[in-house]
Amino acid sequence: MMRLSKVSPKKCFFLVLCFAVLILLVFNLRDKDWSTKSPHVLYARDEYQLEEANVRHEPSVTTVELAEVADQHGPGRDRGNNDDPLDYGRARSGELAKGEALTASDLPWYFSQGMRYPKPARRNRKTNKRLARLLPSETARGDRISNQLMFVPPNYETIKRKGKLKTILLYNGLSPWNVKAGRDVFLSSKCPVSTCSITAQREKASTADLVLYKDHYIPPSVPRSPYQIYMMYFLECPYHTQHVKYPDVFNWTATYRKDSDIVAPYEKWEYFDPRIRQVEQDRNYALNKTRKVAWFVSNCGARNGRLQYAHELQKYIQVDIYGACGTFKCSRSTAERCFEILDRDYKFYLAFENSNCKDYITEKFFVNALTRNVLPIVMGARPEDYEASSPQKSYIHVDEFGSPKELAEYLHLLDRNDELYNSYFKWKGTGEFINTYYWCRVCAMLHDEASFRRPKSYDDINEWWRGPGVCTNGSWRNFRARNPEKPLVADSR
């Protein structure tokens, strides 16, 4: 019988040590491989884009979900304030080599410096349905604007070869839209899906693929095809739009509301990297500002009581009201000079809408306030609507406070504490207000088989547009007090 040679304890120790070092080396190499080849998910907007970006193993993950995991919590202007916005995103996620900047080719085409165009949407292998979520019924999250901007039909090459265009009839004429007849808007915008043509000839009402109305519905005098899409576009809030008396007419809606089929907001904020929402700033936004609150306003009879709120706020903090409703004057003809005064002298600005309606957030907030170096105080849409539409911690909602007096006390605190005040500007440089390319999205949606082949219809568009809970004459806090089944969403900022 063969005898095994004896192994000394010293030799055993060295063998175990070498084995342990080998194991550590393997794990380190594996970790390094994960960090350098991590999925490029920074700008993916839906399943088909995630697959395009090599995320093959999680085809059901959306951008919102990716951002939530990373954070552990819940139309054509570049108004970003970062001098070099492309240095964010991949550089912070470990995808870029040290010192390498994010290039324009990494950004989707709809960013001001973006160059990345979408590929045809992928299909589910079992159901053959497209993976992109484009309609309100397909996802309860977000406004789907980015999904629609990055949507190309799976069979688009075949569609282009056939040369047939989708026809969009503007039933109210061309002038309300400020577009030309033909394909100009689709080609000049470099839409990923551009095989559409615009017309204002009402005699084509029976053959157009889409009949589009703006603010006002006029029944056509010709029979309607069963495969036509009728869409209503509302720019203003329900208080200032037509009551449509005809049921089962409209298949799609285009409004600022996030539950519209094609969301058309006044502005759309998007992060370069949804996981990077706050960055340290190199300036003091409170420096040399000697005045407290400003407001530029001309409509003194808004139904939401905003003027009365401002007058009550004046009892506890300085509020300078410019225009017809106040004692300070600054002509609209010199608007830029007025905003220069705002930037230079004031810490806060009342971005008050004229109506308190779901998702109703206009240029009063996006342009008059966020593009300036002033902290907005907002009234209008619900608190959760501002949270979903705004850069993180970029404003103060009046409903966060029980009264104007409580709000004033907090504003005095911010006025005394520059660090706390500046914490409301850390969103700057993390993204930009993108062009939402409305016509590009309309054209793309008209080529989607699921949307076009069997279109839904609104039984009563008035019930959807102006039904219970859509608007309130008072504060949303008081509205929830009268309707306890609809509690205020907690502010996670």
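This passage describes the disulfides, one open sheet and the surroundings of one leucine in a predicted model.

A good place to begin is with the cysteines, since the structure holds five disulfides. With bonded cysteines counted along the chain, the pairing follows the pattern 1-8, 2-9, 3-4, 5-6, 7-10. Three of these links are taken up in turn below.

The disulfide between C191 and C440 has its sulfur atoms 1.9 Å apart. C191 sits in the loop between α7 (184-188) and β2 (196-199), while C440 belongs to helix α14 (residues 438-446), so this pair ties together parts that are 249 residues apart in sequence. The torsion about the S-S bond of C191 and C440 is about -70 degrees, and the disulfide is therefore left-handed. Both partners, C191 and C440, are buried.

C300 and C325 form another disulfide, with 2.0 Å between their sulfur atoms. Here the loop between β8 (291-296) and α8 (306-314) supplies C300, and the loop between β9 (319-322) and α9 (335-345) supplies C325, so the pair ties together parts that are 25 residues apart in sequence. Its S-S torsion is about -105 degrees, which means that the link of C300 and C325 is left-handed. The two cysteines fall into separate accessibility classes: C300 has a relative accessibility of 35% and counts as partly exposed, whereas C325, at 12%, counts as buried because the limit for that class is under 20%.

For the disulfide of C330 and C338, the sulfur atoms lie 1.9 Å apart. This link is left-handed, with -105 degrees about the S-S bond. C330 and C338 are both buried.

C237 offers a helpful contrast to these pairs. The closest cysteine sulfur to that of C237 is in C357, at 4.4 Å; a disulfide requires sulfur atoms within 2.5 Å, so this separation is too far for a bond. C237 has a relative accessibility of 0% and counts as buried.

Attention now turns to the sheet. Five strands make up an open sheet in the order β9-β8-β10-β12-β13, and their pairing is parallel. β9 and β13 (396-397) stand at the edges with a single partner strand each, so one side of each has no neighbour in the sheet. Helix α8 packs on this sheet, touching β8, β9, β10 (346-352) and β12 (375-379). The direction of α8 makes about 145 degrees with that of β9. Within the sheet, β8 and β9 run parallel and are joined by four bridges. Looking at individual residues, V293 has V319 in β9 as its bridge partner.

The last site of interest is L134, which is found in the loop between α4 (90-93) and α5 (145-149). L134 has a relative accessible area of 0% and is therefore buried. Leaving aside residues up to four places away in sequence, L134 touches R144, N147, Q148, F151, D261, M445 and D448. One of these contacts, D448, is 314 residues from L134 in sequence, yet the C-alpha atoms of L134 and D448 are 9.1 Å apart in space.

Key:
Residues numbered from 1 in each chain as written. Predicted model: local features only at pLDDT ≥ 70, side-chain atom pairs only at ≥ 80, totals over all residues. Heavy atoms only, no water. Helix = DSSP H or I, 4+ residues; strand = E, 2+ residues; numbered from the N terminus. Buried < 20%, exposed > 50% of the residue type's maximum accessible area, 1.4 Å probe, protein only. Contact = heavy atoms within 4.5 Å. Pairing = 2+ DSSP bridges. Axes fitted to C-alpha atoms, helices over the stretch in contact; angles between N-to-C directions.
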